Amino acid sequence: MKTGIIKDIILFLLLIALQVFLLDRINIFGVATPILYIYFLIKMPLGSNRFYVIISGFLLGLIIDIFMNTPGMNAAATTVVAAFREPIIKLIYTRDAYDELTPSMNTDSKSFIRLSISLVLLHQILLFLIESFTLFNIELTLLRIVSSSILTLLIIFAVDALFGKKSVVSEF
Amino acid sequence: MRNLIKFIIRSSHWIVATLLVAFSFYLVFSHNSYQRSVYLTSANHVIGTFYSISDKVNSFFHLRKNNTLLLEHNARLETEVQVLKETINRFASDSINAAIFTNDSVTSSQFNFIPAEVVNVSFSGPNNFMTLNKGKLQGVKPDMGVISQSGIAGVILSVSDHFSVVIPIVNPKFRVSGKRKNSINSGSIVWGGIDINYAELRELPKHETFLKGDTVVTSFSRIFPKDMIIGFINKQVPSADDKFNAFEIKLATDFHSIREVMVIEDMYYDELNALETIVEE
């Protein structure tokens, strides 16, 4: 349990640094920006405490907000995703999937991909809708959502396929 | 009653989530550009320090480009010095009145420039901003204009002791009035939301014509001195309203490579402001 929390904190800080110092500066064709920090919520064990998921999601979004000068936007989107994580997992995983299982590309790739797509899409939709409340036209917003989601998902699958393996090996 | 308590316990995580989301939305809507909290933005000292470190690493990658820029700038100044020297020489050699050009009537300027360095930029969506490494202690205040070496860049939004956040032209919240150089009709500069190289000059009268490459400068502004370069007209674009003309302009400031800027301090800002407030009341 203890090592789990330390692992979470390291991943938490790593994703924030990556997002703020590197990914936020990527902007392909003026529309697609990878928003990777949501990976933190995907990678939590299936049966994680609900409060733990929601509050860490909120903190994650809030810290990203402070760095990016967008008070509340990422926090709101990420909290909603964190709250809906459990119902979505119930839809995707079978009842007998055990609670300690961490979603991963290398163990159950089909469910992992489905979980990632649902969470990332939900997150991006919320994020861009909040961001463009009054300002911009709907086509541009849709284009942003779709292209950013695809980019984010590609990075998530690649990162997980590369680094997910290690943790599986070390568990044996 | 027991069922109600059971319900509350069972769904308490939803309640927590709802409260947190409500709080987040409160932050979203309460951050009016003028009373924005310094603590929750990158003007915050801790965040500012993080960004300065990241900027130090980054700046190594830009050294070559900045060197060329500085050289060019230097060359331009050198030329100017030569021209001025020649002018002085001409006056000094052929006239006894040269004294009038060298007397000490140094008039104090209305505008004072504070050099600053950009330590962070965010140009990936509609909510663009920049962070500068000068703050309250160096005399930077909200609502001051910011210019780059080639044109106007933005306006100060919030300041902490050592850092300040700038709303650049390429943010939908930014507004400034501009006009074609040598024209008397002013319109307003608005950013279109996609390309950070271009903005639009809107609300010009129908009869206003242009040539490609015409310079667009600031007109009436409380923030910028008159006739500062904003950009250059590229083409005419359809206007939302049929009564006006709109032009697309290429911004003079290159936001992709912006690093050194100057903050404009207007000596008479408070005085003007006070005067206009009285009139409005």
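How many bridges pair β1(B) with β2(B), and in which sense? The legends below take up that question along with other close-ups of this predicted model.

**View 1. The β1(B)–β2(B) hairpin.** β1(B) and β2(B) are joined by 4 bridges, and their pairing is antiparallel. To find the register, start from B:N120, whose bridge partner in β2(B) is B:T131. Between the two strands, the chain turns through a hairpin of 6 residues. Helix α3 of chain B, residues 45-61, lies across both β1 (111-122) and β2 (129-132), and runs at about 80° to β1(B).

**View 2. The barrel that contains β1(B).** Here 6 strands of chain B close into a barrel with antiparallel pairing, in the order β1-β2-β5-β4-β3-β12. From one strand to the next, the twist averages 45°. Where does the ring close on the other side of β1(B)? β12(B) pairs with β1(B) in the antiparallel sense over 7 bridges. Within that pairing, B:P115 stands opposite B:M262 of β12(B). Elsewhere in the barrel, strand β3 (residues 145-147) meets strand β4 (residues 152-159) in antiparallel fashion over 3 bridges. A handy landmark there is B:V146, which stands opposite B:G154 in β4(B).

**View 3. Another closed barrel in chain B.** This one also has 6 strands, and their order is β6-β7-β8-β11-β10-β9, again with antiparallel pairing. Neighbouring strands of this sheet are turned by 45° against each other on average, if direction is ignored. As the order starts with β6 and ends with β9, the pairing to look for is that of β6 (residues 176-180) with β9 (residues 215-218), an antiparallel one over 3 bridges. B:R180 marks the spot, standing opposite B:V216 in β9(B). For the wider setting, chain B has 6 helices and 12 strands. Of its 281 residues, 30% are buried. Among contacts in chain B between residues at least 6 apart in sequence, 58% join residues at least 24 apart.

**View 4. B:R259, in the loop before β12(B).** B:R259 sits in the loop between β11 (244-251) and β12 (260-266) of chain B. Is B:R259 buried or exposed? Neither label fits: B:R259 counts as partly exposed because 17 C-beta neighbours lie inside 10 Å, whereas a buried residue needs 20 or more and an exposed one has 12 or fewer. Leaving out residues up to four places away in sequence, B:R259 touches B:H62, B:N66, B:E117 and B:V118. In the same view, look for B:A116: although 143 residues separate B:A116 from B:R259 along the chain, their C-alpha atoms are 8.6 Å apart.

**View 5. B:M267, in the loop after β12(B).** B:M267 belongs to the loop between β12 and α6 (269-280) of chain B. B:M267 is exposed, because 11 other C-beta atoms lie within 10 Å, and 12 or fewer is the cut-off for that class. Which residues does B:M267 contact, leaving aside neighbours within four places in sequence? They are B:Q110 and B:N112. With B:N112, the C-alpha separation is 7.4 Å across 155 residues of chain.

**View 6. Helices α3(A) and α4(A) packed together.** The axes of α3(A) and α4(A) are 7 Å apart, and the helices pack at an angle of about 160°. That angle makes α3(A) roughly antiparallel to α4(A), because it is over 145 degrees. The crossing of α3(A) past α4(A) is right-handed. Residues making the contact include A:R50, A:V53, A:I54, A:G57 and A:F58 of α3(A), and A:M73, A:N74, A:A75 and A:A77 of α4(A). Sorted by class, the contact has 12 nonpolar, 5 polar and 4 charged residues.

**View 7. Where chain A meets chain B.** Each chain has its share in this contact: 29 residues come from chain A and 29 residues from chain B. On the chain A side, the elements that give two or more residues are α3 (50-68), α4 (73-92) and α5 (109-131). The largest share of that side, 7 residues, comes from α3(A). By class, the side of chain A that touches chain B has 17 nonpolar, 8 polar and 4 charged residues.

Conventions:
Residues are numbered from 1 along each chain as its sequence is written. Chains are lettered from A and ligands numbered from 1 in the order in which they are written. This is a predicted model: local features need pLDDT of at least 70, side-chain atom pairs count only at pLDDT 80 or more; totals for chains, interfaces and linings use all residues. Two residues are in contact if their C-beta atoms, placed from the backbone, lie within 7 Å. Ala, Val, Leu, Ile, Met, Phe, Trp, Tyr, Cys and Pro count as nonpolar, Asp, Glu, Lys and Arg as charged, and the others, Gly among them, as polar. Two strands pair if DSSP finds at least two bridges between them. Axes are lines fitted to C-alpha atoms, for helices over the stretch in contact, and angles run from 0 to 180 degrees between N-to-C directions. Angles under 35 degrees count as roughly parallel, over 145 as roughly antiparallel, 65 to 115 as roughly perpendicular and the rest as oblique. A crossing is left-handed if the near helix is turned anticlockwise from the far one by less than a right angle, and right-handed if clockwise.
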